[in-house]
Structure formats: structure tokens, C-alpha cells
Amino acid sequence: KDVPIVAIIGDSTFFHSGVPGLVNAVAAGARFILVISDNAIVAMTGAQPTPAEAGITLEGLCRAAGVSMSSARVSLLELSLAGQVEMHGAQLVSLKG
């Protein structure tokens, strides 16, 4: 059965190890929604800033990988996902707030 996949990752983990998975999934034509929780902090190693502070944005990386992106607040996550489940290919939701 063709069902969409939803994955959740933090922004710093995405910058550190999520980009290769995103690129490979797009290259394979996977149908999925990637939710990135964007709190602009690398909490796992002591609250350093993410690469976004140096101008490397989530939006830019995802656009370069060929993925469309939308932003949502946590309280609107369910509505945002519901609107994207019927879409095909890779979709990305960035959570801020």
C-alpha cells in the first residue's frame, strides 16, 4: 500500500546528519513528509548556534535538494500535515515557535 511517511528531526540534527538522507530520499523518488523542529540551537552539545546563524538556511538546503517547504507553528502541525499528505514526492514542514 502506498502510504506517506512522516519523519521528525531537530534542526541541528538535520544539519549534522539529516541532509544525506533527504538527498537520497529525493533521488529515490520517495513520498514523505519531513518535519524539522527549528529551535535554532544545537542542544545535544551545549546550545551552540546552528549553521543557520552563518546564513546556511533550512529553506536553502531543502530548495537545493528539490524539496518544497512550508512553515508552521506547533499548534498548526496537524492541519499542515493533513494538507500535505495527499501531495506526492518529498514535502517539508519547518516548525518554529
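# A tour from strand to core

Residues 24 or more positions apart account for 67% of the contacts in the protein with a separation of 6 or more. Keep that in view as you move around. The model is predicted.

**Start with the whole chain.** Show the protein as a cartoon. You should find three helices and four strands. Trace the sequence from its start, and the pattern reads β-α-β-α-β-α-β. The protein has 97 residues, and 33% of these count as buried. Now switch on the surface. About 5,700 Å² is exposed, with 60% of that supplied by carbon and sulfur atoms.

**Select residues 5-10, then 32-37.** The stretch 5-10 is strand S1, and 32-37 is strand S2. The two strands pair in the parallel sense, over six bridges. For one of the pairings, pick Gly 10 and look across to S2: its bridge partner there is Ser 37. Stay on S2 for a moment. Five of its six residues are buried, so the strand is largely enclosed by the rest of the structure.

**Add residues 11-27.** This is helix H1. Together, S1, H1 and S2 make a right-handed β-α-β unit. Where does H1 bend? Go to Gly 18. The bend there is about 70°. Pro 20 follows within four residues. Next, step past the helix to Gly 29, which comes after H1 and has a positive phi, near 75°.

**Colour the buried residues of H1.** Select Asp 11, Ser 12, Phe 14, Phe 15, Gly 18, Leu 22 and Ala 25. What covers them? The cover includes S1, S2 and H2. Turn each of these three on in the viewer to see the cover around the helix.

**Finish in the core.** Nonpolar side chains tend to be buried together in soluble globular proteins. Here the largest nonpolar core has 12 residues. Show these side chains as sticks: Ile 9, Phe 14, Phe 15, Leu 22, Ala 25, Phe 32, Leu 34, Ile 36, Leu 58, Cys 62, Ala 65 and Val 67. Which elements each supply at least two of them? They are H1, S2 and helix H2, which spans 58-64. H1 gives the most, with four residues.

**One last view.** Hide everything except Phe 14, Phe 15, Leu 22 and Ala 25. These four are buried residues of H1, and they also belong to the largest nonpolar core. Then bring back S2 and H2, which each supply at least two core residues and also help cover the buried residues of H1.

Key:
Residues numbered from 1 in each chain as written. Predicted model: local features only at pLDDT ≥ 70, side-chain atom pairs only at ≥ 80, totals over all residues. Heavy atoms only, no water. Core = buried A, V, L, I, M, F, W, Y, C linked by side-chain atoms within 4.5 Å. Buried < 20%, exposed > 50% of the residue type's maximum accessible area, 1.4 Å probe, protein only. Contact = heavy atoms within 4.5 Å. Areas by Shrake-Rupley, 256 points an atom, 1.4 Å probe, with all protein chains shown as cover. Bend = angle between axes of the 7 residues up to and from the residue. Pairing = 2+ DSSP bridges. Right-handed = clockwise from strand over helix to strand, strands pointing away.
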